[in-house]
Amino acid sequence: MDLCTAQHALFDRLPDVVYFSKDTQGRYTHANQTLLRRLGLRELSELRGKTAAQVFPAPLGQHYWQQDLQVIRSGASLHDLLERHLFPGGQSGWCLTVKHPVREDGTVRGMVGISRDLKGPTTYDPVYQRLSSSLAWARQHCTDTLGVADLARQAGLSVAQLERHLLALLQLTPSRWLLSLRLESAVAQLDSTATIAQVAADSGFADHSAFARAFRRHLGVSPRDYRQMRQNMA
């Protein structure tokens, strides 16, 4: 088994990690079994040669493809992007995505990337046991005017201590975690008939524009387009 084959086999053993490689046009050259399953595909041959725009729901797939092309054309990596991905059955979840250009003789020849699922904390972790009540309080009040300092006071920690603990426990800083909670609230409300402005207000965002920017940055599409996409998938 050569090195490349061994690497592919390794990623196939990781059910909570999506792995892929693409050519200079953003077309898949390889993907692990996790990605194939999430796309409802059986064989890599069904995916190879296609772009994200061709296999993910519109307009989300177009966003992923443009992101790929940005990495390829700029030669600059994207690190730890907090993104909400769609899973089988219409479910969704948070991931941290990394994308790197692949160079040969100084020229970008493609890209590789992974998206790692963010799961809930391990309940027997001593840090979780210490912070569980504070985390539950934050989830309950995340749509209020709650900041990192408020969460630190609730936990009886300094902001620096809280950041260190949450990074170890949730793989997110406190501010990114609070943002993910608010966006998660918004995603749930978008399945209702509430207006986008009402969803923004009820999810704890200061104004509609701030909400729209955060939503597009972390979910890849506008709130209105996301709502339409979910309706089309229903």
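Here are three short exercises on the fold, each with a worked solution.

Ground rules: this is a predicted model, with local features needing pLDDT of at least 70, side-chain atom pairs counting only at pLDDT 80 or more, and totals for chains, interfaces and linings using all residues. Residues are numbered from 1 along each chain as its sequence is written, and side-chain values use heavy atoms, leaving out hydrogens and water.

**Exercise 1.** Work out in which order the strands sit in the sheet, and which ones stand at the edges.

*Solution.* Start with the pieces: strands are DSSP runs of E, at least two residues, and helices are runs of H or I, at least four, numbered from the N terminus. Strands pair if DSSP finds at least two bridges between them. Now read across: 5 strands make an open, antiparallel sheet, ordered β2-β1-β5-β4-β3. That puts β2 (28-31) and β3 (78-86) at the edges; each has a single partner strand, so one side of each lacks a neighbour in the sheet. From one strand to the next, the twist averages 25° (axes are lines fitted to C-alpha atoms, for helices over the stretch in contact; angles run from 0 to 180 degrees between N-to-C directions).

**Exercise 2.** Find how many bridges join β1 to β2.

*Solution.* Take β1 (residues 17-22): 3 bridges tie it to β2, antiparallel. Then look at lysine 22, which faces tyrosine 28 in β2.

**Exercise 3.** Decide whether serine 134 is buried or exposed.

*Solution.* First, locate serine 134 in helix α5 (residues 126-141). Next, apply the cut-offs: buried is under 20% relative accessible area, exposed over 50%, partly exposed in between (1.4 Å probe, protein chains only). Serine 134 has 5% relative accessibility, so it counts as buried. Finally, list its contacts (heavy atoms within 4.5 Å): skipping residues up to four places away in sequence, serine 134 touches Leu151, Gln154 and Ala155.
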